[in-house]
Each structure stands twice: as structure tokens, then as C-alpha cells.
Protein chains: 2
Amino acid sequence: MTVPSSPPVGAASGGTGGGRRSRDVPTLVARAREGDARSVARLISLVENDDPALPEVAAAMASHAGRAQVVGLTGAPGVGKSTTTNELVRALRAAGHRVGVLAVDPSSPFTGGAILGDRIRMQDHTADSGVYIRSMSSRGQLGGLSAATPQAVRVLEGAGCDVILVETVGVGQAEVEIASLADTTLVLLAPGMGDAIQAVKAGVLEIADVFVINKADRPGADATYRDIQGMLALGERGPGEWRPQVVRAVAVKNEGIDDVVAAIGKHREWLESTGNLQNRREQRAAAEISALALGTLRARMGDLRGGAALPALATRVANGEIDPHAAAAELLASL
Amino acid sequence: MTVPSSPPVGAASGGTGGGRRSRDVPTLVARAREGDARSVARLISLVENDDPALPEVAAAMASHAGRAQVVGLTGAPGVGKSTTTNELVRALRAAGHRVGVLAVDPSSPFTGGAILGDRIRMQDHTADSGVYIRSMSSRGQLGGLSAATPQAVRVLEGAGCDVILVETVGVGQAEVEIASLADTTLVLLAPGMGDAIQAVKAGVLEIADVFVINKADRPGADATYRDIQGMLALGERGPGEWRPQVVRAVAVKNEGIDDVVAAIGKHREWLESTGNLQNRREQRAAAEISALALGTLRARMGDLRGGAALPALATRVANGEIDPHAAAAELLASL
């Protein structure tokens, strides 16, 4: 099977792809496995654009599943995710890791998620062949980010990355989804961004394996630290359960980053020693399979009667002629 | 059809339901239409718990579709959404509206989204029979929030509310989804919560009909105002397109709230005069129908082989035996 000769390129925001076009998947996969950055970029573009060749890419990458530790990194806008990611990459590289970074933007389905900031902020690492950095959007992806992200992770695993940072903006359902796709989830907080009850509201207590209190040199950092520790103390944990670590950092000054790396390593050890690594990966695979299958079903529903079935039902619902449940039943009946 | 005698009640966080249990949907609907708060609360609990009686509730409510203006209100944690909602309710009540409030928490699928803060913060209005206030989670809802929220909106419409505020925490995909369900979307910002590029990252430029710069008495408010106006000036808009309004407020002092109400009214006039109100409602109905249909399909997939099919495929994917696309195809084939 060959890659279509003129695939959509609009969503390819990573910047390292393009140029010469490799025409067949086996060649691309072979080159990616040798560490060729252009081929890696090209494969991730296929994922982003939901290319018809994706099943073939996935099949070629299947045997590399589970080699890397996938580290999710999330937090509200303004807490310093970009800077922290940047410094983590530096520290992980210094420790000899090959590192992949996926900067995922689930919140901008309209623009495709590519903004100037993502392109420029990582320039420290662009000359380093042991780092792949990529902005991703879910535009066009059938199953959304929960399908696209693990596929991109698999490409990076195939390219030899052993740590993959998945950075997501904001705090919300998408982040929780992505947390469920990570082996280890870091939640960034910053003093003055809202107190501990806001963290509870945002649902981060449940998803965080490591809390990073960034900008820890600012007023209020100690209060934030105490609030989080207090919240964690309230939670009941059985023997052998992971107690989330709380780490203070000032990423912009490269302070505390080694502690973050240590916490990530400690969590990895816990995952392996308890069997939770396998559990999480099976859950991740289940989520991915579901997302892909539902994406296919969604597309089939959208295509019914040449795309006219759903809008016609929607008009009848908006006009109060039928209710949405009846409309959904009608749609399913014609599937 | 009757409501089951022992429905799950864990997600019923609104506090006004419970007690005497109404056993049949027509009675509940009739009472809700007369403005009985307990019946409204009970119906929303049915929505939250994805009760088997939901299709019947939906059918009874269908003819009330589209009577209320649905106003989404979103923003990062800490910008003052709760306070702003509270003051908006006060102003809308003073103007003679019947108001419904859905405080939606998409980010906490684990806890069900009910936290103390939501229960206590609205106590100003608990004695006012012209206001329904309800915390909602998507727990148990087949189609998630994109299915549950419009169903709850329909219940409130049926109860005579003509303005329904849907408040969501955080900024992310869930918020964008909810924005697509609203007639008018307010995005709250606050000085010092991150600059304009963060707003772009969070995808809010595309979804906001009205920007509210809250805490406008704080340092940096003017810079935030200018940044947003500058971003809006960059966007291309055709003739007749809506230009998002930017309003300054200090909700905690009740300053600028009337301006927010005026902006909401202005947007409503624009929606009606341009035909966009009908368009948005048809899109909303389409999203709701899709979500319900996909929820049903997800449940069917989960039930395959007594619930064993998906986990078995997931294990094979996690172990690198097959790829997720092949697994998804296998799952669909057995559907």
C-alpha cells in the first residue's frame, strides 16, 4: 500500500516534515526506526491527518508497543508547562534518554492547534538528534485525541524514544482522557492560580501521580504545597497504592527539575513492581480501540443518506417535532 | 412507563431532589411545568443517572425545545466563574427572567463532580422560586456531557426558564463542546492568569461571543483588555458576522454585570436577526443525537461477549500482538 501522493498537509505543524515525500509505509517505518527525523515527522503527519495508510503504519509499529514510559504533563494555562517540558527534556537528555515530546492541543479544533508559541519555544532542542518535538492537533482524526495520541506515541516508540512527554493545555475532560493514556501523569500548579479547591474542581487530584508546584519562588507557594499535601492526606489509600508525590520547582531557573525527574523514575519503578504498568497499558489499549471503533461508527453515521440523515433529524429536533432519543434511535436503525 | 423504584442517587448533587419519590414521568413532567422545584430536580437526576425513563422524559419535553436562551460560561479555574454566575442570576432575576443554572463539571468523571463549593456558593438564591440551580456531572451518562447537558437544558426549558446559564470549569475540549451547545458563550478571563497567547492556546478566541475580563480592578486588566481587542482586530470577519464583545467586570463588587447582561441581550438579538439562532440549535441537536447514538454503540461494544471482548483485544494490543486498528476492526465486525 502506498501513501497517497497528495495527502492533506495543513495540520502538519511540527515543522520537520515535508520536503521530499516518501511514498511507501515500509520505507518510512524503516527510516523512522533508524532515527530519521523526517520520516518520524511524516508518520506523525499521517496520524494527524487520519491517513488511509494508518492501519498499515499501526501494524508495522505494533511490535514496539510499550517500550517507552509515557509521561503526561498538564495544568491550567499560565502555570509554565512549556518551560517545564523544555527543562525536563534537557534533564532527560543529560541522563541519556531518547525523548519524544507531543504538545497536544485538544482545545482548538478550529485552528488545528498550531500556534506560533509551540513552534518557537522548543528551539533549544532542535539541533539535538535525540529529541523529537511535535505539536499535534486532533483535526481530522476520527477518534479524536484519544485515538491520535497513542498512535503518535507508538511512532515515537518505534523511533527509539524511551521517554515520551505528552503536554496538554488546560484542565478538563480531554486532559483526564490523556492522563488515562499516560503511564505517569504530572499535574502542574502555580501559586496564585487558584487554591486547592480549584484543583479538586478541575479533577486533578484523581489523575495526578506527581504534582509539580511550579513558580515555587512566588508568594503563596508554601500555602499551595500545604493545601495539596492536606488534600492528599485526606484521601484513603490501601497498602501498596501510590501516594502522589509533590515537588516544588522553578522551571524558568531550572530549579527542582531533577526532583521531578526523580519522581517520574520512582513512579515508573512502582508501576513495574506492582504490575500496574501492564494494567495501565491494557486500559490505554482499550481506550484506543474504542476510540477508533467509535470514530468509524461516527463517520458511518455522518455519511448516512449522503450526509443528509443527521441534519434532517437535527432540524426536526430543533423544531420540537421529535426528541433526541427518538432521533438517535432512528439514526441507529438506519446504520 | 414508571421510574424504577430504586434508581441510583449518588450523582444527585443538587440537593433539592429526593424525599418523596414521584413514580411516573407524566406526573413529574406536569409538576415541573408548573414550576415545582422537586420535580425539576428529580427529572435532572434522571438525566444524570441515564435512567431508562429518559426517552419518555425527552418525548414529553420535545415540544418545549428552543424557548430559552442558553448561555455558556467558561474560563480557567480561579477567574471567578461562580461569583459571576451568582451576580448574573441576581441581575437576570431583577430583569424579570426565570433563570436556570447548570454548574457542569466535565473534569471529574471519578468523583461525579459534586463538591462542597458548588453546594454552598449559590445559597443567595435558594429561597427564590424563579431560579433553579443544579450541579451536574456526566457520571453514568452514555453520551457524556454533550448528551446530558442539553437534556437537562430541556428540562429547565420545560419548567419555564427563559435564560439558562451553563457554567463549566476549566478550558479544554469539553468546554468547546459545551460552547457548541450554547446560544451564547461567555469566556471569563482575569488579569495575571496568563496573557492573550494563553487564550489562543486554550482555543477560547474561537468560541467566545462575549469576553468578560473579571477582576478588572486588578493590575494588568488594561493589558488583558488591549491584548484581547488586539487579537480580535486581527481576525477577519465578513459583513454581518458577530464581533465578540469585551466587557470589564468586578463580579465580587457587582460592577459591570449589567454590561454583561446587555452584551448577552445584544448577542441574542444578533442571533435572531441573522437566522444564526436556528443554525446553532440545529447544530446542537445534531451533536446531541450523535452523542446519544454513539453512547448506545459504546455500550453495545462494551457488552460484547459479556464485556470480555474489549479487554481481551486490549491485552493483545498491549502485548504487541496486534495493532489497535486491527483490534478496532475486529470489534466492529462482531458488533
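Which residues are linked with A:Asp183 in a network of salt bridges? In the predicted model described here, A:Asp183 shares such a network with A:Arg281 and A:Arg284. Within this group, the side chains of A:Arg284 and A:Asp183 meet in a salt bridge with an N to O distance of 2.9 Å. A:Arg284 belongs to helix α12 of chain A, while A:Asp183 is placed in the loop between α7 (173-181) and β5 (184-189) of chain A, so the pair ties together parts that are 101 residues apart in sequence. Both partners are buried: A:Arg284 has a relative accessibility of 10%, and A:Asp183 has one of 0%.

The setting of this network is a chain with 14 helices and seven strands. Chain A comprises 335 residues, of which 57% are buried. Its exposed area is about 12,800 Å², and carbon and sulfur atoms supply 50% of that area. When contacts in chain A between residues at least 6 apart in sequence are considered, 75% of them join residues at least 24 apart.

Over all chains, the whole structure holds 18 salt bridges. One of these joins A:Glu288 to A:Arg154, with the closest N and O atoms 3.1 Å apart. Because A:Glu288 lies in helix α12 of chain A and A:Arg154 in helix α6 (residues 145-158) of chain A, this pair ties together parts that are 134 residues apart in sequence. A:Glu288 counts as buried at 1% relative accessibility, and A:Arg154 is likewise buried, with a relative accessible area of 10%.

A salt bridge in chain B has partners in another class of accessibility. B:Lys253 pairs with B:Asp217, the closest N and O atoms being 3.0 Å apart. The two residues are 36 residues apart and link distant parts of the chain, with B:Lys253 in the loop between β7 (245-248) and α11 (257-274) of chain B and B:Asp217 in the loop between β6 (210-213) and α10 (221-234) of chain B. B:Lys253 is partly exposed, with a relative accessible area of 48%; B:Asp217 is also partly exposed, at 43%.

B:Asp323 presents a case of a buried acidic residue that has no salt bridge. The nearest side chain of opposite charge is that of A:Arg154, at 7.0 Å, whereas a salt bridge requires a nitrogen to oxygen separation within 4 Å. B:Asp323 is located in the loop between α13 (309-318) and α14 (324-333) of chain B. Its side chain reaches the backbone nitrogen of B:Ala326 at 3.1 Å. With residues up to four places away in sequence left out, B:Asp323 touches A:Pro55, A:Ala58, A:Ala59 and A:Ala62 of chain A, together with B:Val317.

The largest nonpolar core also draws on both chains and contains 38 residues. The members that touch the most other members are A:Ile289, A:Leu297 and A:Leu331, along with B:Ile289, B:Leu297 and B:Leu331. At least two residues of this core come from each of α12 (276-307), α13 (309-318) and α14 (324-333) of chain A, and from each of α12 (276-307), α13 and α14 of chain B. The surroundings of B:Leu297 illustrate the arrangement: apart from neighbours within four places in sequence, B:Leu297 is in contact with A:Leu294, A:Leu297, A:Met301, A:Leu332 and A:Leu335, as well as with B:Leu335.

In helix α10 of chain B lies B:Tyr225, which counts as partly exposed at 21% relative accessibility. Beyond residues up to four places away in sequence, B:Tyr225 touches B:Ile213, B:Val246 and B:Arg248. The C-alpha atoms of B:Tyr225 and B:Val212 are 9.3 Å apart in space, and the two residues are 13 residues apart in sequence.

Positive phi values were also examined. A:Asn254, a residue other than glycine, has a positive phi near 60°. A:Asn254 is situated in the loop between β7 (245-248) and α11 (257-274) of chain A and is partly exposed, with 42% relative accessibility. B:Arg305 is not a glycine either, yet its phi is positive at about 50°. B:Arg305 is found in helix α12 of chain B and counts as exposed at 62% relative accessibility.

How values were computed
Residues numbered from 1 in each chain as written. Chains lettered and ligands numbered in written order. Predicted model: local features only at pLDDT ≥ 70, side-chain atom pairs only at ≥ 80, totals over all residues. Heavy atoms only, no water. Helix = DSSP H or I, 4+ residues; strand = E, 2+ residues; numbered from the N terminus. Buried < 20%, exposed > 50% of the residue type's maximum accessible area, 1.4 Å probe, protein only. Contact = heavy atoms within 4.5 Å. Areas by Shrake-Rupley, 256 points an atom, 1.4 Å probe, with all protein chains shown as cover. Lys, Arg positive; Asp, Glu negative; His and termini not counted. Polar contact = N/O pair within 3.5 Å; in protein donor to acceptor, adjacent residues only side chain to side chain. Core = buried A, V, L, I, M, F, W, Y, C linked by side-chain atoms within 4.5 Å.
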